[in-house]
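Work through these short exercises with the structure open beside you. Try each task before you read its solution.

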Amino acid sequence: FVSILRQQQEPEGEQARLVMRIDRSLTAAEELLTALLDISKLDSGMYQPEPVLIAVPELFEQLRRRFKPLAANKNLELRVHAGAYRIFSDRNLLYRIIQNFLANAIRYTEKGGVLLGCQVRGDTLKISVWDTGVGIAKSEETAIFQEFHRLDYAQRLDDKGLGLGLAICERISRMLGHRMSLRSREGQGSCFSVEVPLAVRRELDEKALPQPGIGETSRLENLSVLCVDNERDILDGMEMLLARWGCNVMLAEDLQQAVEQIRDHGKPGLTLMDYHLSDQSNGLDVMEHLQKLVGETLPAIVITADRSPELEELVREHGLGLLRKPIKPAALRALMTNTLKNL
């Protein structure tokens, strides 16, 4: 709803500024809850790493594309040096560590630049992020990995960080068995590193390497979308959002209404299905019923606040997409487009 309000406001004006502040507050609250949930899961051992072969040039290129605009906004030079190495780790978790290093380096560097590079150390690859920023005092080098610890410099900048990023990185690296290290000189800069196992020769199966993503193309214009959710407010918000993208929207609060919509308007091009519905049924059961009704597979995305790996695996077995609440419009649009491309 805030996203829709922002689109309706003029760029200037008191209402636009209020909506922007509400948006920032909600984002900060979401980031805090997500970070605390991640720490809880890491401490309880709920995360199960999924190591795969990773091509370092592709990983570094993905990071370069993401952080180059942020560096340019501060007139900083971002340099990336990647060797033709293959490493073995959980791609998403490793990406999270390195992206935190880069985000901090750019945030706390006022002039000069940031370098992402790597060096072979025996049977590991040491991935490092160097910066020419404020540096970290020797007395702070241990404390910065503790929850909610923020440097005095960050507080003087009125930085809105939570002080949880490095605490999460430390837990992730420990879970993965990767050694994380820090070298810094106050007033001269810092270097954060993580050491990752190199892939041995027998593991170099190119089929196991993730393929680079294809650029998103819009296919949502005139798309028929069935939204199923037991909360009417959610349906109203989805209808407004999807209509702005040119979709033809059908709304249903339960299985019966979903069946009626399909009988009246034909099968949908895509279904957005809430997982927890009020009549004790769940979104996967409803999807199975709808597919039997039309006699074919219907592309769908399951939307839920449930973050359990069991549900994720169940959704994957059904061949459906998964999006977790709270929903970000950009993430929803990207997943819808990607789902349609894979048909």
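The exercises below go from the whole chain to its sheet and cores, and the model they use is predicted.

**Exercise 1. Describe the protein as a whole: its secondary structure, its buried share and its exposed area.**

Solution.
- Step 1: Count the elements. The protein has 11 helices and 12 strands.
- Step 2: Look at burial. The chain has 343 residues, and 42% of them count as buried.
- Step 3: Turn to the surface. About 19,100 Å² is exposed, with 49% of it supplied by carbon and sulfur atoms.
- Step 4: Check the contacts. Take those with a separation of 6 or more: 69% of them join residues 24 or more positions apart.

**Exercise 2. Find the strand order of the five-stranded open sheet, and say why one side of β2 and of β6 has no neighbour in the sheet.**

Solution.
- Step 1: Read across the sheet. The order is β2-β4-β5-β7-β6, and the pairing is mixed.
- Step 2: Go to the edges. β2 (77-80) and β6 each have a single partner strand, so one side of each is left without a neighbour in the sheet.
- Step 3: Compare directions. On average, neighbouring strands are turned by 15° against each other, direction ignored.
- Step 4: Zoom in on one pair. β6 and β7 are antiparallel and share seven bridges. Serine 184 stands opposite serine 190 in β7.
- Step 5: Add a helix. α3 packs on the sheet and touches β2, β4 and β5. The direction of α3 makes about 180° with that of β2.

**Exercise 3. Locate the largest nonpolar core and name the helix that gives the largest share of it.**

Solution.
- Step 1: Size it. This core has 36 residues. Leu63, Ile98, Leu102 and Ile127 have the most contacts inside it.
- Step 2: List the suppliers. Those with at least two residues in the core include α3 (56-73), α4 (91-107), β4 (113-121) and β5 (124-131).
- Step 3: Pick the main one. α4 gives the largest share, nine residues.
- Step 4: Follow one residue. Beyond four places in sequence, leucine 102 is in contact with Leu63, Phe67, Leu78, Val114, Leu116 and Val129.
- Step 5: Look elsewhere. Another core, of 21 residues, lies apart from the largest one. Leu223, Leu235, Trp245 and Leu272 are among its members.

**Exercise 4. Where does the pLDDT fall below 50?**

Solution.
- Step 1: Start with the average. The mean pLDDT is 82, and 82% of the residues reach 70 or more.
- Step 2: Find one low stretch. Residues 154-158 stay under 50, with six contacts beyond four places in sequence.
- Step 3: Find another. Residues 201-217 are also below 50, and this stretch has 25 contacts beyond near neighbours in sequence.

Note on methods:
Residues numbered from 1 in each chain as written. Predicted model: local features only at pLDDT ≥ 70, side-chain atom pairs only at ≥ 80, totals over all residues. Heavy atoms only, no water. Core = buried A, V, L, I, M, F, W, Y, C linked by side-chain atoms within 4.5 Å. Buried < 20%, exposed > 50% of the residue type's maximum accessible area, 1.4 Å probe, protein only. Helix = DSSP H or I, 4+ residues; strand = E, 2+ residues; numbered from the N terminus. Contact = heavy atoms within 4.5 Å. Pairing = 2+ DSSP bridges. Axes fitted to C-alpha atoms, helices over the stretch in contact; angles between N-to-C directions. Areas by Shrake-Rupley, 256 points an atom, 1.4 Å probe, with all protein chains shown as cover. pLDDT = per-residue confidence, 0-100.
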